[in-house]
Amino acid sequence: MKYLACLAFFLYAWHLTVGCRTNGENCDANITCCAGHHCKITNPPGGSCERGSLGQPATIRPDSSPAGGGHGHGSPSSMNDESISKSEFDQAFTSNGFEAPPPAHYDAFVSPSVKRLHRITLKREFAMFLANVIHETAGLEYLEEINGATRCAAGDYRGVWDPNPATFHMDKCYCGRGPLQLSHPQNYQDASLAIFKDAATLIDNPERVLTDKQTGWDTAAWYWGEQVGIESGVKEGQFGTSIKAINGKLECPVSGEPAKNPNEAAKRKEYYEKIYKVWGIEGPIDLSGC
């Protein structure tokens, strides 16, 4: 009997570990994600396991309530990012000589959708993210590119690329908008797919990135998570690498060629250093990578 009891326990434990699915693996109503993961529905009734809550059977769990602009948007009160308080968010701006942003910006910044998209876990990387936001928008004062309409009229901002080239409207302007100045039809399409699960939302209405704060922060978080945070060195704290990922040879030397606007990179670093200090982040600051 003792042997049978041990065997039963072993089989039960085996089911909980081997029988579950881990990060990136398929799941549905009958397949459980392992502890520390949850099943995110991407193709009902199935989806894939993502890191997050304790393992559980698949259920359709919207990212948020409809408030704030639609699919993928978060209710600020439902999941605040505990690592960055409202006062710290404000300090990032005021320490650099800008006014504290209106509360709606912080509400969007800590929403579940933004947290899902940026995939930032360390305060140091939050400082990197906000330093670049401050530089791109002059402290959130300019959420649309100043000469964007002129550039669109001249035929700029029509970039598309593989593997899923965007189809866009020639009479729409896809200039820089939002906290990280999302630009080009391809980025509008790919951000729209990630946030709203369809390309049309931002391709048909690119101005939404400007007019809806939640959408603006969602696009900034998406851009960071997909095109900045994944670069080797960013997670390790190399701030210069984040600059290179955003503006490349415009601000950083590349392949032996000098940067066109090195003073812009220097300004970003200055913003980052001030946030790093006012937040009391431990350890030496690393500005390398640009």
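Start by selecting Lys-197, the residue that follows helix α7 and has a positive phi near 70°. Helices here (H or I, at least four residues) and strands (E, at least two) are DSSP runs, numbered from the N terminus. The model is a predicted one, in which local features need pLDDT of at least 70, side-chain atom pairs count only at pLDDT 80 or more, and totals for chains, interfaces and linings use all residues. Residues are numbered from 1 along each chain as its sequence is written, and side-chain values use heavy atoms, with hydrogens and water left out.

**Helix α7**

Select residues 185–196, which make up α7. How far apart are the end C-alpha atoms of this helix? They are 16 Å apart, which agrees with the 16 Å that 12 residues should span at 1.5 Å a residue. The expected span is 1.5 Å times one less than the number of residues.

Is α7 mostly covered or uncovered? It is mostly covered, since 10 of its 12 residues are buried. Buried means under 20% relative accessible area, exposed means over 50%, and partly exposed lies in between (1.4 Å probe, protein chains only). Among the buried residues of α7 are Pro-185, Tyr-188, Ile-195 and Phe-196. To see what they pack against, show α4 (112–118), α8 (200–204), α9 (208–211) and α10 (213–228).

**Three places in the loops**

Go next to the loop between α6 (148–153) and α7, where Pro-163 lies. A cis peptide bond joins Asp-162 to Pro-163, with omega about 10°.

Move to Arg-119, in the loop between α4 and α5. Its phi is near 55°, a positive value in a residue other than glycine. Arg-119 is partly exposed, with a relative accessible area of 41%.

Then select Ser-255, in the loop between α11 (239–247) and α12 (262–278). Ser-255 is not a glycine either, yet has a positive phi of about 50°. Its relative accessible area is 75%, so Ser-255 is exposed.

**The largest nonpolar core**

In soluble globular proteins, nonpolar side chains tend to be buried together. A nonpolar core is a set of buried Ala, Val, Leu, Ile, Met, Phe, Trp, Tyr and Cys residues joined through side-chain atoms within 4.5 Å. Which residues of the largest core touch the most other members? Select Phe-109, Phe-129, Leu-130, Trp-217, Trp-224 and Trp-279, out of 51 residues in this core. Helix α5 (residues 123–137) gives the most to the core, with 8 residues.

Now centre the view on Leu-130. Leaving aside residues up to four places away in sequence, Leu-130 touches Phe-89, Ala-92, Phe-109, Trp-217, Ile-275 and Trp-279.

**Aromatic pairs**

Rings of Phe, Tyr and Trp (its six-membered ring) pair if their centres lie within 6.5 Å; planes under 30 degrees apart count as stacked, over 60 as edge-to-face and the rest as tilted. By this rule there are 16 aromatic pairs. Select Phe-129 and Trp-217, an edge-to-face pair with 6.2 Å centre to centre and 70° between the planes. Phe-129 lies in helix α5 and Trp-217 in helix α10, so the pair ties together parts that are 88 residues apart in sequence. Phe-129 counts as buried at 0% relative accessibility, and Trp-217 counts as buried at 1%.

For another arrangement, select Phe-239 and Tyr-272. Their ring centres are 4.3 Å apart and their planes are at 10°, so this pair is stacked. Phe-239 is in helix α11 and Tyr-272 in helix α12, 33 residues apart. Phe-239 and Tyr-272 are buried.

Last among the rings, select Phe-89, Phe-93, Tyr-106, Phe-109, Phe-126, Phe-129, Trp-217 and Trp-224, which ring pairs link into a cluster.

**The whole chain and its confidence**

Zoom out to the full protein, with its 12 helices and 3 strands. Of its 290 residues, 43% count as buried. Contact means heavy atoms within 4.5 Å. Among contacts between residues at least 6 apart in sequence, 56% join residues at least 24 apart.

Finish by colouring by pLDDT, the predictor's confidence in each residue, from 0 to 100. The mean pLDDT is 80, and 72% of residues reach 70 or more. Over residues 1–24 pLDDT stays under 50, and the model has 23 contacts for them beyond four places in sequence. Residues 29–38 also have pLDDT below 50, with 50 contacts in the model beyond near neighbours in sequence.
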